[in-house]
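Got a minute to go through this one with me? I'd like to ask why certain labels get used, and check each against its cut-off.

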Amino acid sequence: LKPWDFVFNKKQVFWIIINLRDGTRIGGKYDKNSFASSFPAREQIYLEEVWKIDEKGIFLNAIERSKGIIVIGDDISSIELFQ
């Protein structure tokens with residue numbers, strides 16, 4: 001079991017900031033219609049809501065007309081979780 005599986009198998013709602021290897025930061029909401037892959041599949045995460053965040057990581061507003069985002073685990077350097 002990986003920490004990824006431990007966290008996302010709990011089916012909790014989180015505000016998330018995904019830090020990508022290229023320095024990009026993605027803000028979003030992991031909720032009941034979101035999904036994270038589990039072992040043995042490679043890590044991927046679907047966030048049902050994508051949010052604009054400022055440089056301090058403050059969630060500003062949802063991206064209009066967005067249907068979510070899929071992020072490939074190989075592109076992720078870290079994930080910050082908030083309740």
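Q: Where does Pro40 lie, and what makes the peptide bond before Pro40 cis?
A: Pro40 sits in the loop between β3 and β4 (44-47) of this predicted model. The bond joining Phe39 and Pro40 has an omega of about 15°, and that bond is cis.

Q: Why is Ser34 called buried?
A: Buried means under 20% relative accessible area. Ser34 comes in at 9%, so it counts as buried. Its place is in the loop between β2 (25-30) and β3 (35-36). Skipping neighbours within four places in sequence, Ser34 touches Lys29, Tyr46, Leu47 and Glu48.

Q: And Ser77, why is that one "partly exposed"?
A: The label covers values between the 20% and 50% cut-offs. Ser77 has a relative accessible area of 45%, so partly exposed it is. Ser77 belongs to strand β8 (residues 76-82).

Q: Which residues is Ser77 in contact with, leaving aside neighbours within four places in sequence?
A: Asn19, Leu20 and Arg21. As for Asp22, its C-alpha atom is 8.7 Å from that of Ser77, with the two positions 55 residues apart along the chain.

Q: Why is Lys11 called exposed?
A: Exposed means over 50%, and Lys11 has 64% relative accessibility, so the label fits. Lys11 lies in the loop between α1 (3-8) and β1. Its phi is positive, about 60°, although Lys11 is not a glycine.

Q: What makes Arg65 exposed?
A: Set 81% relative accessibility against the over-50% cut-off, and Arg65 counts as exposed. Phi is positive here too, near 65°, in a residue other than glycine. You'll find Arg65 in the loop between β6 (59-62) and β7 (69-72).

Q: Why is β2 described as largely enclosed?
A: Five of its six residues are buried, so the rest of the structure largely encloses β2.

Q: How do you know that β1 and β2 pair?
A: Pairing takes at least two bridges. Six bridges join β1 (residues 14-20) to β2, so the pair qualifies, and the strands run antiparallel. One of the partnerships is Phe14 with Tyr30 in β2. The two strands form a hairpin with four residues between them, and Gly23 in the turn has a positive phi of about 95°.

Q: What makes β2 and β5 a pair?
A: Same cut-off of at least two bridges: β2 and β5 (residues 49-53) have three, in the antiparallel sense, so they pair. Gly27, for instance, has Trp51 in β5 as its bridge partner.

How values were computed
Residues numbered from 1 in each chain as written. Predicted model: local features only at pLDDT ≥ 70, side-chain atom pairs only at ≥ 80, totals over all residues. Heavy atoms only, no water. Buried < 20%, exposed > 50% of the residue type's maximum accessible area, 1.4 Å probe, protein only. Contact = heavy atoms within 4.5 Å.
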